[in-house]
Amino acid sequence: MLSRAARPALRAAVTAPARATAASPNGAATYATLREIEGRLKSIRNIQKITSTMKIVASTKLTRAQRAMTESRKYGETANEVFEAAETVAPESEQKKSLIIVCSSDKGLCGGVHSGLSRRIRALANEVTEPFDLVIIGEKCKAQLQRTNAESIQLSFAGVGKDIPTFADAQAIVDQIVMLPTEYTDVKILYNKFINAQSHEPTFVEAFSEEAISQSPNISAFEVDEEALVNLREYSFANNLYWALAEGHACEISARRNAMDNASKNAGEMIGKYQILYNRTRQAVITGELVEIITGATASEDM
């Protein structure tokens, strides 16, 4: 018969397997289960260190990205003010052919920055009846749109966005776009507009053709030579693309910082849950061992 000292330990041992069953697929709290939980805790802590480091890096880059975005806005908004004053619009045509330039990047781990642009293109394909071609900057949107709009992709660029975009990057891309054989009635640039550090919005900005600029009602007020219209068109095109790339880069860095912050918080919550599970499983193992020791000692005394 068990002594009074062994009875509480025995009652604890009865409840221990129920806890262990939830913690272990084998239905028993063993040292192997403890090692598994400890291994998961170690993995989650390592992930938390990585996400925390990535958040710090993104926070450091965000200031530079926002400064570049502010500077690029001056170029893009100034060019758009000229076209607004000249009342420039895309020319009407019976056979309309549009070109859309999608500004994404090659990197992930930044929430829905890239998927938002892809969804906007798919929605546009369902809204309009006229066909349009795509030029994609960045591997992320290219991989997403190849599944649904592969026949529309004319050009793609990779390696842009590793660092803060520059006007030289935008000019190099424009030089390749203007060499496309198709004459487009209108060209639009799709990018993520920076609203604040927590939100962004896919937005179109117009890149007018040489024909649209020359047909502007008030373009004569700026005394632009006809020979310079080509240069004006390419320069304003590069300005708008530079603006779109810089603003999209700032949105990406901000979204990555927010994503890594959320990931770090989620990892912290998982660590807390697994730590409680580890403590309960460990206590169940200790209780089981104590019951075995006390039972064995009591049996020895009875003999």
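Two strands count as paired if DSSP finds at least two bridges between them. The exercises below apply this to a predicted model.

**Exercise 1.** Determine which strands pair with β1, and in which sense.

*Solution.* Begin with strand β4, residues 186–196, which pairs with β1 in the parallel sense over 5 bridges; within this pairing, the bridge partner of V102 is L190. Turn next to strand β2, residues 132–137, where the pairing with β1 is again parallel and runs over 6 bridges, with F132 as the bridge partner of S98. Finally, follow the chain from β1 through helix α3, residues 113–127, to β2, and a right-handed β-α-β unit results.

**Exercise 2.** Establish whether the residues of β1 are buried or exposed, face by face.

*Solution.* Take one side of the strand, which carries S98, I100 and V102, and then the other, which carries L99, I101 and C103; the residues on both sides are all buried. The count for the whole strand, residues 98–103, agrees with this, since 6 of its 6 residues are buried. As background, 40% of the 303 residues of the protein count as buried.

**Exercise 3.** Locate the salt bridge between D261 and K55 in the chain, and classify the accessibility of its two residues.

*Solution.* The side chains of D261 and K55 meet at 3.2 Å, N to O. This pair links distant parts of the chain, with D261 in helix α7 and K55 in helix α2 (residues 31–85), 206 residues apart. For the classification, recall that buried means under 20% relative accessible area; D261 has a value of 19% and is therefore buried, whereas K55, at 30%, is partly exposed. The two residues also belong to a network of salt bridges that includes K265.

**Exercise 4.** Carry out the corresponding analysis for the salt bridge between D133 and K97.

*Solution.* The closest N and O atoms of D133 and K97 are 3.3 Å apart. D133 lies in strand β2 and K97 in the loop between α2 and β1, so that the pair, 36 residues apart, links distant parts of the chain. With a relative accessible area of 6%, D133 is buried, while K97 is partly exposed at 22%.

**Exercise 5.** Identify the residues that make the nonpolar surface patch of about 260 Å², and place L290 within the fold.

*Solution.* The patch is made by I286, L290 and I293. L290 lies in helix α7, which spans residues 229–302. Membership of a patch requires over 30% relative accessible area, and L290, being partly exposed at 44%, therefore satisfies this cut-off.

Definitions and conventions. Residues are numbered from 1 along each chain as its sequence is written. This is a predicted model: local features need pLDDT of at least 70, side-chain atom pairs count only at pLDDT 80 or more; totals for chains, interfaces and linings use all residues. Side-chain values use heavy atoms; hydrogens and water are left out. Patches are made of residues with over 30% relative accessible area and no salt bridge: like charges are joined within 9 Å, nonpolar side chains (Val, Leu, Ile, Met, Phe, Trp, Tyr) within 5 Å. Accessible areas come from the Shrake-Rupley method with a 1.4 Å probe; for residues, only the protein chains shown count as cover. A salt bridge is a side-chain nitrogen of Lys or Arg within 4 Å of a carboxyl oxygen of Asp or Glu. Helices (H or I, at least four residues) and strands (E, at least two) are DSSP runs, numbered from the N terminus. Buried means under 20% relative accessible area, exposed over 50%, partly exposed in between (1.4 Å probe, protein chains only). A crossover is right-handed if, with the strands pointing away from the viewer, the path from the first strand over the helix to the second runs clockwise.
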